[in-house]
Every structure is written in structure tokens, then in C-alpha cells.
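This report covers a ligand site, a few backbone details and a set of residues placed along the chain. Read it with the structure open.

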Amino acid sequence: MLLKYQHLRDAYEHVRADGGDPFNVTFDSVVSPTEARLGGRKVMLLGTNNYLGLTFDPSCKAQAAAALQAEGTGTTGSRVANGTYSGHVELERQLARFLGRREAMVFTTGYQANVGILPVLAGRGDHLLLDADSHASIYDGARFSEASVTRFRHNDPNDLKRRLKHLAELPGQKLVVVEGVYSMLGDTAPLAEIVAIKREMGAYLLVDEAHSLGVLGKNGRGLAEQAGIEADVDFVIGTFSKSLGGIGGFCASDMADFELLRLVSRPYMFTASLPPATIAGVSRALELVAAKPELRADLWRNASSLYHGLAAAGLPVGPTVSPIVSVQVQDPQIAVLMWNRLLELGLYVNLALPPATPSGRALLRTSVSAAHSIGEIDFALDTIIATGVEFGLVNEARHLTAAQ
Ligand code: PMP
């Protein structure tokens with residue numbers, strides 16, 4: 001039965017031969033947004049997507065705890081049966097208000113939001129145009145859809161235009177799907193150019209703001225807010241599991257009849273709804289996104305320090321300053337060794353290996369949080385640079401010059 005995975009077992013054993021298991025890290029306990037205990041030792045967390053550090057916010061925890069006490073541990077039902085409580089509907093209204101949209105629909109995860117929305121927007125005879133570096137949930141949503149799927153080169157509006165032109169004579173709706181911030185390298189979509197093309201070619205646009213909600217834009221509404229083109233985005237997807245510190249996902253839109261999607265989206269209908277405690281904690285976190293812009297300021301201060309510090313030491317980081325800062329490593333085996341060394345030195349980062357990475361390179365992926373102190377970012381910088389020197393990624397002389 002499982003023989004087809006033999007090649008995977010061999011590769012996995014190779015990865016684990018160097019010490020830890022990067023894909024099966026089990027924390028003894030996570031004690032704050034930036035600290036955990038692992039194998040009896042303290043480690044600093046630098047790879048959690050906990051952009052605003054809200055997982056431990058006292059008011060989010062208190063609101064979640066109150067809902068837990070009042071309404072129990074779970075809903076034991078789907079949104080279309082017994083699983084819609086007033087909290088679910090209020091959170092949908094709050095999201096719609098926050099994003100300036102007519103309506104929002106809450107899903108049980110961000111993954112399910114994409115898998116639940118793409119197939120019902122684009123069906124047989126329609127066309128989905130996906131950025132090549134799209135998240136797995138977008139690809140899986142496209143797979144569930146009966147639409148034709150076209151990939152365009154990552155962040156390349158000219159390639160998108162060329163492909164839309166090819167489809168211009170064909171019947172069916174065209175839906176372009178992009179992300180706000182891309183999760184591997186932290187780069188952002190060129191939204192203004194994409195909007196100009198979608199207008200010219202008569203396509204619809206969906207933006208997955210999973211990594212940009214709460215992170216970008218004056219009010220934290222995401223890349224579309226920052227780019228000043230929110231009115232041209234037809235569907236916004238987002239998740240509660242990153243800046244909002246919970247779990248869940250949503251889609252928001254101004255489309256007429258959007259509420260009918262509740263009756264056709266299988267990942268919305270055929271799974272249990274979010275527990276009341278999660279809904280309550282996320283609702284408070286969304287209030288904090290608006291009420292505490294200083295969280296975004298702290299996040300970007302940390303992002304900038306880490307990005308510029310690593311770049312100055314000569315480490316190959318992504319193209320732009322972002323809360324996701326990835327060090328690209330040519331040789332996957334070296335990346336695994338470096339990941340193990342970082343952990344030995346007390347720093348947890350994400351390891352991403354091809355084929356899950358863009359351009360086939362391994363990544364030591366870090367993500368910063370507003371909750372990191374300046375001292376923690378300095379520790380991370382020292383640790384990553386020292387490891388870069390040890391494994392030959394950083395020229396020691398250049399590093400010393402940069403540090404002076
Ligand atoms: N969309 C994108 C762009 C993502 O990066 C992710 C998660 N990494 C998701 C959707 C899925 O979100 P969740 O983990 O909340 O299910």
C-alpha cells in the first residue's frame with residue numbers, strides 16, 4: 001500500500017540522519033509568543049507566523065476563556081446545521097465592517113477557505129489563473145474546481161496578461177488568484193499592475209491576505225489597503241491563524257448573492273464550525289489590529305532589523321524587507337545541518353526544502369513578531385550569522401567589516 005512512498009522514506013531518513021526531525025518538532029511547552037521549551041531546553045521562536053504576538057494577549061485569552069466557560073468546548077456541528085452561534089455571525093459582521101465589505105463567510109481553517117471558495121467561484125468552463133508560487137490550499141482549491149487552471153510566472157504581470165490574452169476568445173469567467181505576502185520569501189504581489197490587467201481583460205481578482213492581514217496597510221487590512229486598490233479586489237481570503245493568533249479562515253466580498261455560497265461550498269457545509277472560544281479570541285484580536293497600530297510598528301522594526309542585519313552580513317535573503325525573512329541555502333543537506341545547529345544554539349526557525357520552495361533552493365525561513373524584543377532580534381542575528389560563518393555561507397571577513 002505505502003510502497004509508493006519509498007523514495008520519500010529514503011529522503012526523510014537522510015534529513016533525520018543529521019540529528020533532529022525538522023518536520024516533527026514537538027515542543028514541551030510554548031510559554032510566550034517568542035519562547036518555548038524543547039527537549040528540556042529553552043528556545044527562542046523565530047518561525048511561527050505569530051506576527052502580532054496575540055496568542056498570549058491577556059484580553060484575547062480572557063475573552064476566549066469567558067466564551068469557553070459560557071458556551072462549552074465545541075459546537076459539534078456544521079455552519080449549516082447546529083454549528084452557527086451568534087458569535088460566528090457577529091465575527092462575520094465584524095470582518096465585513098473591518099474590510100469595508102458587504103459580507104464575510106467564516107471557515108474552520110484558512111486552508112478550507114481557499115478549498116471552499118475557489119471551486120464555487122470558478123466551475124466548468126471557467127478559468128483560474130494562479131500565480132505559480134501559490135500556497136497549497138490555492139492549488140488544492142483549483143484541483144477541486146472543474147475550471148481550467150493556468151499558472152502564470154510568479155509576480156509577473158506581463159506573463160499574466162499574455163495568458164489572459166490567450167484565453168480572451170474563450171467563453172467562461174476568468175478569476176486571477178494572488179497572495180498579499182508570499183509565505184516562503186516574504187515578497188508581495190505587484191497588485192497595482194495586476195489590477196490594471198484584470199480591468200483591461202475583464203477578469204475577477206481574489207487576493208489571499210493570509211500573511212498580510214494585520215501586517216500591511218495603515219489599518220492592517222492587508223496589501224490591497226497598502227496598494228490603495230481595495231475596490232478592485234473582488235474576493236478577499238484570510239486566515240485567523242497568523243496575525244490573529246487563533247485558527248480559522250474567511251472570505252469577504254461585495255458580490256451580490258455572496259450568501260448563496262454558504263449553500264454550495266462543501267468545505268463550509270460538511271465540517272464542524274469553529275469553537276466559541278476561538279471565535280471570541282479572534283474577535284478580540286481583530287479589534288486589537290485596529291486599536292493598536294503600535295503592534296505593526298514593532299513588527300516592522302523587528303523585520304527591518306533582522307532583514308538588514310542578515311543582508312549586511314552577506315546572507316542571501318529575499319527581495320524585500322518583510323516579517324518573513326528567509327535565508328536561501330543552495331544545498332539542502334547544508335540547510336538541514338544549519339537548522340540543527342540553530343536549534344542547538346537555542347533558536348527555532350522553519351526549514352523548507354524543495355519542491356515546496358520557489359526556485360528549488362532550501363530555505364531557513366524565519367518570521368518575526370511584534371512580541372520579539374530588540375534583545376531577541378539581536379540574539380537571532382548573532383546566532384544565524386555565526387551559523388552562516390560556520391557553514392561557509394558568510395565570508396567571515398565581510399561579516400566582521402559589516403559589524404564594525
Ligand atoms: N493561504 C496562504 C497564503 C497560507 O500561507 C496559508 C497557511 N500557511 C493558508 C492559506 C492556510 O491557512 P491556515 O493555516 O490558517 O489553514
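In this predicted model, a polar side-chain atom of Asn350 lies 3.1 Å from the backbone oxygen of Gly47. Asn350 belongs to strand E13, which covers residues 350-352. Is Asn350 buried or exposed? Its relative accessible area is 16%. The cut-off for buried is under 20%, so Asn350 counts as buried.

**The ligand site**

The ligand sits in the largest pocket. The shell around the ligand holds 13 residues. Which of them come nearest? They are Tyr111, Asp208, His211, Thr239 and Ser241.

By class, polar residues number eight in this shell. Three charged residues and two nonpolar ones make up the rest. Helix H4 spans residues 110-121 and gives the most to the shell, with three residues.

Three polar contacts to the ligand are listed here.

| Residue | Protein atom | Ligand atom | Distance |
|---|---|---|---|
| Gly110 | backbone N or O | oxygen | 3.1 Å |
| Tyr111 | polar backbone atom | oxygen | 2.8 Å |
| Asp208 | polar side-chain atom | nitrogen | 2.6 Å |

Taken alone, the ligand exposes 400 Å². The protein buries 84% of that area. Gly110 and Tyr111 each place a backbone atom by a ligand oxygen, at 3.1 Å and 2.8 Å. Asp208 instead uses its side chain, which faces a ligand nitrogen at 2.6 Å.

**Backbone details**

Most residues other than glycine have a negative phi, and most peptide bonds are trans. Which places in this chain depart from that pattern? Two asparagines and one proline pair are covered here.

Asn49 has a phi near 65°, a positive value in a residue other than glycine. Asn49 sits in the loop that joins strand E3 (41-45) to helix H2 (58-71). The relative accessibility of Asn49 is 16%. That is under the 20% cut-off, so Asn49 counts as buried.

Asn155 also has a positive phi, near 55°. Its place is the loop between E6 and helix H6 (157-167).

The peptide bond from Pro354 to Pro355 is cis, with omega near 10°. Pro355 lies in the loop between E13 and strand E14 (362-367).

**Residues along the chain**

Val149 is part of strand E6, residues 148-152. What is its exposure class? Its relative accessibility is 40%. Partly exposed runs between 20% and 50%, so Val149 counts as partly exposed. Val149 and Leu129 are 20 residues apart along the chain. Their C-alpha atoms are separated by 6.1 Å.

Ser212 is in the loop between strand E8 (204-208) and helix H8 (223-227). Its relative accessible area is 0%. The buried class takes anything under 20%, so Ser212 is buried. Ser212 and Glu179 are 33 residues apart in sequence. In space they are 8.6 Å apart, C-alpha to C-alpha.

Ser304 belongs to helix H11, residues 293-312. Its relative accessible area is 26%. That value falls in the range from 20% to 50%, so Ser304 is partly exposed. How far is Ser304 from Glu146, 158 residues apart along the chain? The C-alpha atoms are separated by 42 Å.

Arg16 is found in helix H1, which covers residues 6-16. The relative accessibility of Arg16 is 34%. This too falls between the 20% and 50% limits, so Arg16 counts as partly exposed. Arg16 and Gly100 are 84 residues apart along the chain. The C-alpha atoms of this pair are separated by 48 Å.

Terms used:
Residues numbered from 1 in each chain as written. Predicted model: local features only at pLDDT ≥ 70, side-chain atom pairs only at ≥ 80, totals over all residues. Heavy atoms only, no water. Near = heavy atom within 4 Å. Polar contact = N/O pair within 3.5 Å; in protein donor to acceptor, adjacent residues only side chain to side chain. Areas by Shrake-Rupley, 256 points an atom, 1.4 Å probe, with all protein chains shown as cover. 1 Å grid on protein atoms, 1.4 Å probe; cavity = no way out; pocket = protein on both sides within 12 Å on 5 of 7 lines; lining within 4 Å. Sits in = over half its atoms within 2 Å of the grid points. Helix = DSSP H or I, 4+ residues; strand = E, 2+ residues; numbered from the N terminus. Nonpolar A, V, L, I, M, F, W, Y, C, P; charged D, E, K, R; others polar. Buried < 20%, exposed > 50% of the residue type's maximum accessible area, 1.4 Å probe, protein only.
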